[in-house]
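Let us walk through this fold, from the whole chain down to one strand and its partners.

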Amino acid sequence: MNALRPELAAAIAKLFPGARVETLDGDASTRRFHRLRFPNAATRVVMDYGAAFDGETDDVRLARLFERAALPVARVFEVLPAAGALVLEDLGDQTLEAALGHGSEGRAPAREDLYRSAVELCAARSEEHTSE
């Protein structure tokens, strides 16, 4: 199913002629997500904010901060303010919550420990890079 807003559909068609669009299942977010499939089998994800935006979004700022800190994050390939969207690296369909439920050798990792480690790593890295 392709449920792109007209202004976003026009921007995607101009930037990525021949790309097929698949709308991804929603979550609790107000944003919508779409996967672009290219003829060469490459993919990208479109994060649709639902309306045009001005300036830099929090998602772009966080991605830049995480990249500088060498944390794994989807790369931002295109920022489309007039279309209200970002084009991101496609990291697949598995959510963090689903990944946390699957440990090695059939054991689920301790969620609290994994979340605590992630938050501590982010906090430590953000302190290192806040003066930049």
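What percentage of the 132 residues of the chain count as buried? The answer is 27%, and it comes from a predicted model. The accessible surface of the chain is about 8700 Å². Carbon and sulfur atoms make up 54% of that surface.

Next, the order of the elements. The chain holds four helices and five strands. Read from the N terminus, they follow the pattern α-β-β-β-α-β-β-α-α. Contacts also reach along the sequence: among those with a separation of 6 or more, 43% join residues 24 or more positions apart.

Now turn to strand 5. This strand spans residues 85-89, and four of its five residues are buried. Buried here means under 20% relative accessible area. Strand 5 is thus described as mostly covered.

Which strands pair with strand 5? One is strand 3, residues 43-48, which runs antiparallel to strand 5 over five bridges. Within this pairing, M47 stands opposite L86. Another is strand 4, residues 76-80, also antiparallel to strand 5, over four bridges. Here V79 has L86 as its bridge partner, and V76 has L88. L86 therefore appears in both pairings, opposite M47 in one and V79 in the other, under the bridge-based pairing rule.

Strand 4 and strand 5 also form a hairpin, with four residues between the strands. In that hairpin, G84 takes a positive phi near 70°.

One last point helps when viewing the strands. In a regular strand, side chains alternate between the two faces of the sheet.

Technical notes
Residues are numbered from 1 along each chain as its sequence is written. This is a predicted model: local features need pLDDT of at least 70, side-chain atom pairs count only at pLDDT 80 or more; totals for chains, interfaces and linings use all residues. Side-chain values use heavy atoms; hydrogens and water are left out. Buried means under 20% relative accessible area, exposed over 50%, partly exposed in between (1.4 Å probe, protein chains only). Helices (H or I, at least four residues) and strands (E, at least two) are DSSP runs, numbered from the N terminus. Two strands pair if DSSP finds at least two bridges between them. Contact means heavy atoms within 4.5 Å. Accessible areas come from the Shrake-Rupley method with a 1.4 Å probe; for residues, only the protein chains shown count as cover.
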